[in-house]
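Here's a quick tour for anyone meeting this structure for the first time. Have a look at it below, then read on.

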Amino acid sequence: MVRENEIREGEVVVELPPPTDAGLIFIGRIRTPWNSRLETPRQGRQDGPVCRIEIFDPWVPALKGLDLYGEVEVIYWLHQSRRDLVLQSPASDKTTRGTFSLRSPVRPNPLGTSIAKLVGIEGSTVLVRGLDCLDGTPLVDLKPDRCAFTPIAPPQPGDFEVGDH
Ligand code: SAM
């Protein structure tokens with residue numbers, strides 16, 4: 001069940017440490033048809049509506065080459081989420097699960113990710129299907145689909161030493 005910001009029976013809130021975030025740079029803004037969490041899909045679908053990802057200056061040139069891919073990984077900041085739950089009750093039925101066993105937007109660092117279908121690029125705007133975020137959600141990063149992406153440089157000796165993880 002989608003939440004606004006309420007605490008449900010059985011859920012556990014912790015005191016947040018002082019905000020010492022890594023200093024993310026929001027590189028754009030995502031325009032979607034959804035203005036309420038209650039109407040936003042739980043997970044995006046690639047047959048969902050076209051959403052517009054507006055890239056801010058000076059990051060527009062960073063889109064070069066993205067059109068070579070059919071799918072793009074979109075990473076966004078679920079800016080309206082609370083961040084202080086360690087146990088959550090997704091079904092609001094008193095049963096709880098740990099935050100890290102869920103894809104809930106409620107998490108200490110509310111990053112959302114979706115593999116979206118790339119529909120096109122129009123100047124500074126990337127058109128995709130497959131998102132599940134509110135209109136105006138800040139964009140953190142775009143990456144080409146990891147399966148289709150071929151590293152540009154071949155692996156070098158020493159790239160994979162014993163002990164690397
Ligand atoms: N696909 C992403 C993932 O798996 O990391 C996000 C999944 S999360 C379950 C999607 C839900 O987050 C939406 O249904 C909506 O309730 C909520 N949501 C979307 N945009 C949000 C925002 N900007 N701030 C807070 N919550 C948001």
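## A patch on the surface

Let's begin with Val 86, which sits in strand S5, covering residues 85–88. A word of caution first: this is a predicted model. Is Val 86 buried, partly exposed or exposed? Its relative accessibility is 37%, so Val 86 counts as partly exposed, because that label covers the range between under 20% for buried and over 50% for exposed.

Val 86 isn't on its own out there. Together with Val 12, Val 14 and Leu 87, Val 86 forms a nonpolar patch on the surface. Added up, the four residues have about 240 Å² of accessible area.

## The core

Now for the inside. In general, nonpolar side chains in soluble globular proteins tend to be buried together. Here, the largest nonpolar core has 20 residues. Which of them have the most contacts inside it? They are Ile 53, Val 74, Val 128, Leu 131 and Leu 142. Several strands chip in with at least two residues each: S3 (50–55), S4 (71–77), S7, S8 (125–129) and S9 (137–144).

Ile 53 is a good one to click on. Setting aside residues up to four places away in sequence, Ile 53 touches Val 74, Val 128, Leu 131 and Leu 142, among others. Its list of contacts also includes Arg 29, Ile 30, Ser 124 and Thr 125.

## How the strands line up

Strand S7 is worth following from end to end, as it runs through residues 111–122. S7 pairs with S4 in the antiparallel sense, over seven bridges. Within that pairing, Glu 71 stands opposite Lys 117 of S7.

S7 also pairs with S8, again in the antiparallel sense, this time over five bridges. These two strands make a hairpin with two residues between them. In the turn you'll find Gly 123, which has a positive phi of about 60°. One bridge joins Glu 122 to its partner in S8, Thr 125.

## Two residues to compare

Thr 125 lies in S8, and with a relative accessibility of 9% it counts as buried. Leaving out residues up to four places away in sequence, Thr 125 touches Arg 52, Ile 53, Glu 54 and Gly 120.

Ile 115 is in strand S7. At 37% relative accessibility, Ile 115 counts as partly exposed. What does Ile 115 contact, leaving aside its neighbours within four places in sequence? Gln 46, Glu 71, Val 72, Glu 73 and Gly 130. Gly 130 is 15 residues away from Ile 115 along the chain, yet their C-alpha atoms are separated by 6.9 Å.

## Backbone oddities in the loops

A few loop residues deserve a look too. In the loop between S3 and S4 you'll come across Pro 58. The peptide bond leading into Pro 58 from Asp 57 is cis, with omega near 5°.

The loop between S5 and S6 (97–98) is home to Ser 92, and Lys 94 is found in the loop between S5 and S6 as well. Ser 92 has a phi near 60°, a positive value in a residue other than glycine. Lys 94 isn't a glycine either, but has a positive phi of about 75°. As for how open they are, Ser 92 is partly exposed at 37% relative accessible area, while Lys 94 is exposed at 57%.

Technical notes:
Residues numbered from 1 in each chain as written. Predicted model: local features only at pLDDT ≥ 70, side-chain atom pairs only at ≥ 80, totals over all residues. Heavy atoms only, no water. Patch = residues over 30% accessible without salt bridge, like charges linked within 9 Å, V, L, I, M, F, W, Y side chains within 5 Å. Areas by Shrake-Rupley, 256 points an atom, 1.4 Å probe, with all protein chains shown as cover. Salt bridge = Lys/Arg side-chain N within 4 Å of Asp/Glu carboxyl O. Helix = DSSP H or I, 4+ residues; strand = E, 2+ residues; numbered from the N terminus. Buried < 20%, exposed > 50% of the residue type's maximum accessible area, 1.4 Å probe, protein only. Contact = heavy atoms within 4.5 Å. Core = buried A, V, L, I, M, F, W, Y, C linked by side-chain atoms within 4.5 Å. Pairing = 2+ DSSP bridges.
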